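Reader: Please take one open space on the surface of this molecule and describe in detail what encloses it. I would then like to see that description set against the enclosed spaces and the surrounding architecture, with the cut-offs stated.

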Amino acid sequence: MSTPDHSLRHSAAPGDPDEVAALRARLEPLLPAAIDDLKDLVRIPSIAFDGYDRDPVQRSAQAVAELLRGAGLAEVSIESVDGGSPAVIGRTPAAAGRPTVLLYAHHDVQPTGDLSDWTSPPFEPAERDGRLYGRGAADDKAGVMAHVTALRLVGEELAAEGVGVTVFIEGEEEAGSPTFRPFIETYRDRLAADLIIVADSANWAVGTPALTTSLRGVVDLVVEVRALDHAVHSGLFGGPVLDALTQLSRLLATLHDANGEVAVEGLIRAADPTVEMDETDYRRDAGVVDGLELSGTGSLTSRLWTRPALSVIGIDAPSVRDASNTLVPVSRAKVSLRIPPGEDPDAAMEALVTHLERHTPATAQVTVHRGERGKPYSARQESAAMDLARDAFARAWDTPAVDTGLGGSIPFIADLLEVFPEAEVLVTGVEDPESRAHGVDESLHLGEFARVCLAEALLLRSAGSLDGRTT
């Protein structure tokens with residue numbers, strides 16, 4: 001196995017090559033400690049979902065707090081509201097009239113799924129071929145460490161210039177951020193900023209950075225189909241009654257047309273993106289089985305970013321191993337609908353519920369349990385903050401950043417914009433298409449991590465040019 005290259009060996013960047021080269025040289029010796037710290041965070045199974053041990057989430061928050069103290073922030077505390085998971089706030093206030101930058105990431109992680117599917121244990125970080133594997137290695141403990149490393153690099157300069165820095169590391173993002181809105185309202189004064197950098201997205205490819213300018217929102221629900229009061233013998237009673245699992249399957253099949261397009265009436269589409277991705281790359285990154293056609297029509301980026309996408313992400317039914325010759329009386333499915341920018345989550349929910357009700361067969365009783373509703377996001381394409389970010393990314397990677405959409409959802413961004421309406425929001429990321437966030441063998445490309453840290457340090461250095469409206 002080759003030795004992973006954590007370095008930033010690179011040709012001189014455009015704009016101010018001497019400045020960038022000097023910053024690279026200063027960052028280089030910080031990277032081994034940053035990666036070791038990231039490994040320590042990955043070792044903590046900080047899953048904030050109901051039913052999981054809460055102690056690791058608390059330990060993760062404490063570890064993050066120590067990292068922020070070590071990065072030189074003047075005030076660091078662990079906070080929560082309404083029984084929510086612990087978040088960490090660290091800050092060095094701005095001087096009068098100077099801007100404040102808020103750096104966001106989250107320290108909680110997704111559940112692992114079947115441990116036997118992982119090449120190496122998910123909470124035992126492992127380096128292979130220049131990537132760090134482990135749950136949270138990319139999403140989003142790498143985001144935490146990108147902020148910490150950038151502050152280790154340029155924090156003293158920012159303090160000397162009077163630029164304020166606040167770091168907000170959430171502890172329940174993967175669980176849907178249930179207390180996010182009351183949290184930011186409770187700590188509004190401590191979190192107020194002129195520029196908010198959300199490090200929870202992905203870059204275009206290894207070697208090509210991206211600024212996320214749109215995100216789909218999300219709506220989900222559980223649909224329950226009941227055919228019988230109780231299970232009965234499939235031979236004695238089957239025929240006049242269709243089991244609940246069959247009827248649920250038929251109902252779910254109405255959600256898409258023959259081409260795989262979402263068939264729910266009343267959902268909107270946003271304008272098609274101007275950038276397209278290579279189908280071969282998409283097939284490889286998504287793990288599409290060789291020889292299979294893709295679903296839907298139109299460009300790949302429109303299907304991924306600006307059109308609704310609907311998935312069945314879970315079904316309650318007897319397992320094949322435990323199946324008996326009985327008619328299943330009741331079955332449930334969780335349905336997840338991603339909605340494009342411009343769509344209202346409440347309207348999308350009603351459209352989905354109406355579709356299910358209209359297609360309910362007379363042979364079954366259907367109950368819908370409404371779930372999460374998260375707003376989509378569309379950024380201002382032109383702003384002072386966007387210009388600073390594009391410049392920083394171009395200098396860190398030696399190539400222009402792609403303005404990209406993202407099919408995933410970060411619903412709390414809408415809350416940030418509503419609570420802090422004067423703030424500029426930038427959505428950046430540490431992941432790449434091979435990171436497999438939320439999946440088995442999640443990983444971080446260590447070379448890209450180094451460039452993310454460099455880009456953020458460059459961006460923070462330039463933040464002093466922004467207006468200081470929060471002070």
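Author: With 4 residues, strand 16 gives the most to the lining of the second largest pocket. The model is a predicted one, in which local features need pLDDT of at least 70 and side-chain atom pairs count only at pLDDT 80 or more, while totals for chains, interfaces and linings use all residues. Residues are numbered from 1 along each chain as its sequence is written, and side-chain values use heavy atoms, with hydrogens and water left out.

The pocket encloses about 290 Å³ of space. It has 16 lining residues, and those closest to its centre are Thr213, Pro273, Thr274, Gln381 and Asp403. Strand 8 (210–215), helix 10 (300–306) and strand 16 (402–406) each supply at least two residues of this lining (helices are DSSP runs of H or I of at least four residues, strands runs of E of at least two, both numbered from the N terminus). By class, the lining of the second largest pocket comprises 6 nonpolar, 8 polar and 2 charged residues (Ala, Val, Leu, Ile, Met, Phe, Trp, Tyr, Cys and Pro count as nonpolar, Asp, Glu, Lys and Arg as charged, and the others, Gly among them, as polar). On a 1 Å grid over the protein atoms alone, a pocket is an open set of points with protein on both sides within 12 Å along at least five of seven lines, a cavity is a set where a 1.4 Å probe fits but cannot get out, and lining residues have an atom within 4 Å of a point. Points are joined across faces, edges and corners, and a volume is the space filled by probe spheres set on them.

The loop that precedes strand 16 deserves a remark. Aspartate 398 lies in this loop, between helix 12 (384–397) and strand 16. Its phi is positive, at about 60 degrees, although aspartate 398 is not a glycine. A second backbone feature is the cis peptide bond between aspartate 139 and aspartate 140, with omega at about 5 degrees. Aspartate 140 is placed in the loop between strand 5 and helix 4. Most residues other than glycine have a negative phi, and most peptide bonds are trans.

The enclosed spaces come next. The structure holds 2 cavities of 30 Å³ or more. The largest cavity has a volume of about 80 Å³. Its lining consists of Ala146, Ile197, Ala199, Phe393, Thr428, Gly429, Val430, Val452, Ala455, Glu456 and Leu459. Strand 7 (195–202), strand 17 (424–431) and helix 14 (446–462) each supply at least two of the lining residues of the largest cavity, and helix 14 gives the most, with 4 residues. This lining divides into 8 nonpolar, 2 polar and 1 charged.

The second largest cavity has a volume of about 60 Å³. It is lined by Ser85, Pro86, Ala87, Phe168, Glu170, Gly171, Glu172, Thr179, Phe180 and Phe183. Strand 6 (164–170) and helix 5 (180–186) each contribute at least two residues to the lining of the second largest cavity. In that lining, 5 residues are nonpolar, 3 polar and 2 charged.

As for the surrounding architecture, 4 strands form an open antiparallel sheet in the order 11-13-9-14 (two strands pair if DSSP finds at least two bridges between them). Strand 11 (309–316) and strand 14 (365–374) are its edge strands, each pairing on one side only. Within this sheet, strand 9 (residues 217–226) and strand 13 (residues 330–339) pair in the antiparallel sense over 10 bridges. Glutamate 224 has arginine 332 of strand 13 as its bridge partner. Helix 8 (residues 244–253) lies across strand 9, strand 11, strand 13 and strand 14, at about 20 degrees to strand 13 (axes are lines fitted to C-alpha atoms, for helices over the stretch in contact, and angles run from 0 to 180 degrees between N-to-C directions; contact means heavy atoms within 4.5 Å). Helix 11 (residues 345–358) lies across these four strands too, running at about 165 degrees to strand 14.

A further open sheet has 3 strands in the order 4-5-18, with antiparallel pairing. Strand 4 (126–128) and strand 18 (443–445) stand at its edges with a single partner strand each, so one side of each is left without a neighbour in the sheet. Strand 4 is joined to strand 5 (residues 131–133) by 3 bridges, and glutamate 127 stands opposite leucine 132 in strand 5.
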